[in-house]
Amino acid sequence: MTEATIGQRRSYDGALCTVRYIGEVAGTTGSWLGVEWDDPSRGKHDGQHKGVRYFTCKSQALTSASFVRPTRPVDPPRTFLSALQYKYAPPEEQQKPGQPAPRPIVFSGKVAEEVGFEKIRRQQAQLGELLYVILDSTKVATAYSDDEKAKGQQIGEVCPKIRELDLSRNLLEHFDPVVDICAELPLLRSLKVNWNRFRNVLEDKKLERAGDAFEGVKELALEDTLLTWHEICHIAARFPTLSTLHAGSNQLSSLSPLPPSAPFTSNLVTLDLEFNQFTSLSDLAPLSSLTSLKSLILKKNKITTLTTPTAPLPAFSPTLNYVDLSYNLISTWSTVDSLPSSFPGLTSLRFTHNPLYDNPDLDTPGSLPPPPQQTTTTSTSTSAASTLGKTEEAYMLLVARLPPTLKTLNFSTITTADRSDAEMFYLSRITKQLSSVPETEEHLILEKHPKWKYLCDSYGEPTITRRQEVNPNFLEARLIDVKFWAMFDGEETTAKSVRVPRAFDIYAVKGIAGRLFGLRAWEVRLVWETGEWDPVGGFEVEGGDGEESDDGGEEETKEGGGERTKRDGG
């Protein structure tokens, strides 16, 4: 390899890096190369060593850089054609004299025989018939070498049928070689150049004059190239028929305006911006001008809200029908309620792995998830079951709060019955919340539930029963009204009401019941009747502690389409 230069791409034992610094390092002798590794976990610092800043990395990771000696052996770079030959038509491996024969492969004591691999090798060796070419991690640095040019070798003659090309994780420094390669592949439809470190993109004259080099390419992947959004758009503008763009893992936190004359602004159908650093949909406002966009992937960002106090609520094109907001930081239902305003054409949504999925409690909107359980067998099982229940609850509330135009949630089709059950469940949750506050504060609760009127019109306005507030310091607040019935020879006696202190345990209550009906305490068997009616559809109305019995004894009587539950209290 030639002498090191700033921005040069290098490979050391298969690990790719970019030269960021050439010079001395304090406290050492001789010259060093400061390199930024493509794998940020491989380095030891971020360009600052012992308090001295030697260079700045593109990556924001704290361990993406280190120093290496200029004399350290590097892996030789390849041209496109040499990498193609290396990957798909390697020379026949011959056994050298004195070299032991390869050991056979044995499974369960039986020798495995290779069948069909030679046929595959022969097919792949026919480079002119290749349709899908993957040359990732093959150290491609240029399109041609001087020797290849002198021999008149042409990419378009060697492999003219390529339709999909992957040049990810290579030694490409500029976009020039990509232009040269694609210009000779007229059937190319998909191009991936992920994990390369292109420089001086905006000044690249060959890219500027690309002409019809990318005429037929409909899909472009620029993931983890650490390019700015302006640079990404500059490249995408050279693809006249581009419909799918992948730009994930580029540390993007906001988007600059789109170039108005770029063809992709009217052709783009799918945009993938996952694994970036957006915090609100306002950061993506320039995308509202994409009139043909149908799919927007925002997985694994840092989105907490739709807008900021200083920015208006963005409204995307009605053509946008699929949005992936999974693995973000959304924790308020108000954000969910505003989604239809930002995405008026939304029919499919992915929303898993947001804090709201772990804590969908409407009584405390926006609260953080509960702390993790202790790592014992019992608590882990309980936590898993609780999480499953919360997830199902969150799914139902999402279905209920979003409009009927939403047909798919988290890849599950929403049926008419699913929506009806979810909306009735949501209505019961709002009712419970209203019953917990005075009537004068009812409007504060309803402000958080814009679908209240729609739900009441659809299923009827529920009766709201509010309890009288009692001073907790009074004796009255520490007593419970309990009615007792006794069964003698299959006949029920007249009810007797008693006020029982809340602090009494079940044995004390048995003693009270025994005295009321002239029985000894150990002769009494209590059955707790809740007086609540479970709604049709299988959803349980939430109750207080102690709804589940210890011995599993349960007796049901059905009336009027509901289920009135009695539980054995022992």
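1. Asn276 is a suitable residue with which to begin. In this predicted model, Asn276 counts as buried, because its relative accessibility is 4% and the limit for a buried residue is under 20%. Asn276 is placed in the loop that runs between β16 and β17 (295-297). Leaving aside residues up to four places away in sequence, Asn276 touches Ala247, Gly248, Ser249, Asn250, Gln251, Leu252, Lys300 and Asn301. One of these partners, Asn301, is 25 residues from Asn276 in sequence, yet the two C-alpha atoms are 5.2 Å apart in space.

2. The protein as a whole should be described next. Its chain of 570 residues has 40% of them buried. The secondary structure consists of 15 helices and 28 strands. Among contacts with a separation of 6 or more, 69% are between residues that stand 24 or more positions apart. The pair Asn276 and Asn301, with their positions 25 residues apart in the numbering, illustrates such a separation in sequence.

3. A second buried residue deserves attention, and here the residue is a charged one by class. Arg350 belongs to strand β19, which covers residues 348-350. Is Arg350 buried or exposed? Arg350 is buried, because its relative accessible area is 17% and the cut-off is under 20%. With residues up to four places away in sequence not counted, Arg350 touches Lys299, Tyr322, Val323, Asp324, Leu325, Ser326, Tyr327, Asn410 and Phe411.

4. The sheet that includes β1 may be considered as a unit. Four strands form an open sheet in the order β1-β2-β3-β6, and their pairing is antiparallel. Which strands lie at the edges? They are β1 (9-12) and β6 (65-68), each of which pairs on one side only. From one strand to the next, the twist averages 45 degrees. As background, the strands of a sheet pair through backbone hydrogen bonds, in either a parallel or an antiparallel manner.

5. The pairing at the β1 edge can be followed residue by residue. Strand β1 is joined to β2 (residues 15-24) by four bridges, and the two strands run antiparallel. Arg9 stands opposite Thr18 of β2, and Ser11 has Leu16 of β2 as its bridge partner. The hairpin of β1 and β2 has two residues between the strands, and within this hairpin Asp13 takes a positive phi near 55 degrees. Both faces of β1 are covered: Arg9 and Ser11 are buried on one side, and Arg10 and Tyr12 are buried on the other.

6. The other edge may be read in the corresponding way. Strand β6 pairs with β3 (residues 31-37) in the antiparallel sense over four bridges, and Leu33 stands opposite Val68 of β6. Both faces of β6 are covered as well, with Ala65 and Phe67 buried on one side and Ser66 and Val68 buried on the other.

7. The cysteines raise a separate point. How many disulfides does a search of the whole structure find? The search finds zero. A disulfide is a covalent bond between the sulfur atoms of two cysteines. Cys17 is buried, with a relative accessible area of 0%, and Cys159 likewise counts as buried at 0% relative accessibility.

8. Helix α7 (residues 229-236) is largely enclosed by the rest of the structure, because seven of its eight residues are buried. The buried residues are Trp229, Glu231, Ile232, Cys233, His234, Ile235 and Ala236. They pack against both helices and strands, namely α6 (205-208), β14 (219-221), β15 (244-246), α8 (264-267) and β16 (270-272).

9. The final point concerns a pair of helices. Two packed helices are described by the angle between their axes and the distance between the axes. For α12 (residues 416-435) and α14 (residues 452-459), the axes come within 10 Å and cross at roughly 115 degrees. The crossing of α12 and α14 is left-handed. On the α12 side, the contact is made by Arg419, Ser420, Glu423, Met424, Tyr426, Leu427, Ile430, Thr431 and Leu434. On the α14 side, the contact is made by Trp452, Tyr454, Leu455, Cys456 and Tyr459. Sorted by class, the contact of α12 with α14 has 10 nonpolar, two polar and two charged residues.

How values were computed: Residues numbered from 1 in each chain as written. Predicted model: local features only at pLDDT ≥ 70, side-chain atom pairs only at ≥ 80, totals over all residues. Heavy atoms only, no water. Disulfide = S-S within 2.5 Å. Buried < 20%, exposed > 50% of the residue type's maximum accessible area, 1.4 Å probe, protein only. Pairing = 2+ DSSP bridges. Axes fitted to C-alpha atoms, helices over the stretch in contact; angles between N-to-C directions. Left-handed = near helix turned anticlockwise from the far one by under 90°. Contact = heavy atoms within 4.5 Å.
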